[in-house]
Amino acid sequence: MKWLVLLGLVAFSECIVKIPLTKVNIMQETLGEKGLLNNFLKEHAYRLSKISTRNSDITSVPLRNFLDLMYIGNITIGSPPQQFSVIIDTSSSDLWVSFIYCQAPSCSKYLRYNPKTSSSFQSDEGKHIKLTYGSGSITGVLATDTVRIGGLIAKSQTFVLSMNKLSGALEQAPYDGIMGLAYPSLAILGTPPIFDNLNKNGIISEPVFAFFISSWPHKSSLLMLGGVDHAYHKGALKWVPVTEAGLWQITVDRISMNRKVIACSGGCQAILDIGSSYLLGPTDIVRSILRSINPSPLQNEQRLISCHRTITLPPVIFTINGMDYPLTRKYYIQKVSEDICFITFNGGTENLSPPETWVLGDIFLRAYFTVFDRGNNRIGLARAV
Ligand SMILES: *[C@@H]1O[C@H](CO)[C@@H](O)[C@H](O)[C@H]1NC(C)=O
């Protein structure tokens, strides 16, 4: 099917790499064949249900899977509601959407927030702020208004109205902003993140959220707020403590393949991040893993491998809190074309602290249903259905 080939190409040429640069924020570094992506968007703009289902105490928000690279959900801001599509991110804590005064060409195509038409808008004295992500920064002003997600209402939510969007291929993605679900310690100027607002005001019954994310074109993906729908995982959840309440970071015992430790010998840290597409680690370690998996790369690109040679590749095993979490090649290899496959490992995390920190992005989260438990500062993991 055409889109599959295209999808792989896009995934490869985009090479979305998300590298935390500062404690403030993190986002994708993208390189990119914009033409391809544009065509893809024109041809495949698709529809998902806009109905959020409230199942007892759990609010399920449908997410749009954008090319297996990011997951995007709808929110509204203001009264009457203005709708926005936001990239869901667990490694930042701010919410921002495009401002009506954003002049960047990429802003005009999408929705922009207009404070003049919202009766619940409150000004924050035009406080100018800057959010720094891996691929650039957002500048804008703080504002406060009512934000709705999946029928839940966060009153007096402070967010950022941005004057620009992130550069690179993300400009082409169908989004109007980013919603961060990390801890409040990372939020700009100490403003309470939306999840904290919902929790503090008793809008959600339990301080947890979880994702079920599928790969294109399977069943739609979901963000669950306030509870966990156990129909989306197999076996019991295994709990892992969060190392430090900031990012959703945990300790990994080791990473192995074929019974050989390939990384993280002696333990390391890992950030669970739905805002990252791939598996990221320190550049030199990733390089040596890639060399051992793929001794004869295609087109001089260490991550491109002949698909027929991937058939015998063993699972990559992440051992966390004494439990093994294997990722079979089905998860960590993506098809670019009939014969060309892509290994979804990326370098770039060596500037994080500690130096051996991994980012377990969508590749990992598609295999393992993940619960983010703010009440107990822990992560729950179980095989996704
Ligand atoms: C978001 O809203 C748009 C416009 O109403 C709709 O077409 C789209 O399907 C929605 N996306 C999701 C993931 O619910």
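How many helices and strands make up the secondary structure of the protein chain? The count comes to eight helices and 28 strands. The model is predicted, so keep that in mind at each stop.

**The whole chain**

Start with the protein chain in full. Of its 385 residues, 50% are buried. Take the contacts between residues at least 6 apart in sequence: 68% of them join residues at least 24 apart.

**The two annotated positions**

Next, select Asp89 and Asp273. An unreviewed UniProt entry lists these two residues under "active site". They are spread over 185 residues of sequence, yet they cluster in space, with a largest C-alpha distance of 6.7 Å.

Look at Asp89 on its own. Asp89 lies in strand S6, which covers residues 82–89. Is Asp89 buried or exposed? Asp89 is buried, because 26 other C-beta atoms lie within 10 Å and 20 or more are enough for that label. Leaving out residues up to four places away in sequence, Asp89 touches Ile178, Met179, Gly180, Leu181, Ile274 and Gly275.

Now move to Asp273. Asp273 lies in the loop between strand S18 (268–272) and strand S19 (279–280). Asp273 is buried as well, with 26 other C-beta atoms within 10 Å. With residues up to four places away in sequence again left out, the contacts of Asp273 are Thr90, Ser91, Val359, Leu360 and Gly361.

**The nonpolar core**

Select Val86 and Ile88. These are the residues with the most contacts inside the largest nonpolar core, a set of 108 residues. Domain 1 (2–225) and domain 2 (230–384) each supply at least three residues to this core.

Stay on Ile88 and show what surrounds it. Beyond its neighbours within four places in sequence, Ile88 is in contact with Leu63, Tyr71, Ile72, Gly73, Met179, Leu181, Leu223, Ile274 and Gly275. One of these contacts, Leu223, leads to the next stop.

**Strand S13**

Select residues 221–225, which form strand S13. How many of the five residues of S13 are buried? Five of the five are, and the strand is mostly covered. In a regular strand, side chains alternate between the two faces of the sheet. In S13, Ser221, Leu223 and Leu225 point one way, while Leu222 and Met224 point the other way.

Add the partners of S13. Strand S4, residues 58–66, pairs with S13 in the antiparallel sense over five bridges. To find one place where a bridge is made, select Ser60, whose partner in S13 is Met224. Strand S12, residues 208–212, also pairs with S13 in the antiparallel sense, here over four bridges. On this pairing, Phe211 stands opposite Leu223 of S13.

**A three-stranded sheet**

For the last stop, select strands S20, S24 and S23. They form an open sheet in the order S20-S24-S23, with antiparallel pairing. Which strands stand at the edges? Strand S20 (304–306) and strand S23 (333–335) do; each has a single partner strand, so one side of each is left without a neighbour in the sheet. Ignoring direction, neighbouring strands of this sheet are turned by 40 degrees against each other on average.

Finish at the pairing of S23 with strand S24, residues 340–343. These two strands run antiparallel and are joined by three bridges. Select Lys335 to see one position along the pairing: Lys335 stands opposite Cys341 in S24.

Note on methods:
Residues are numbered from 1 along each chain as its sequence is written. This is a predicted model: local features need pLDDT of at least 70, side-chain atom pairs count only at pLDDT 80 or more; totals for chains, interfaces and linings use all residues. A residue is buried if 20 or more other C-beta atoms lie within 10 Å of its own, exposed if 12 or fewer, and partly exposed in between; C-beta atoms are placed from the backbone. Two strands pair if DSSP finds at least two bridges between them. Axes are lines fitted to C-alpha atoms, for helices over the stretch in contact, and angles run from 0 to 180 degrees between N-to-C directions. UniProt positions are given in the numbering used here, feature names are shortened, and annotations may be inferred rather than shown by experiment. Two residues are in contact if their C-beta atoms, placed from the backbone, lie within 7 Å. A nonpolar core is a set of buried Ala, Val, Leu, Ile, Met, Phe, Trp, Tyr and Cys residues joined through C-beta atoms within 7 Å. Domain bounds come from an automatic or database domain assignment.
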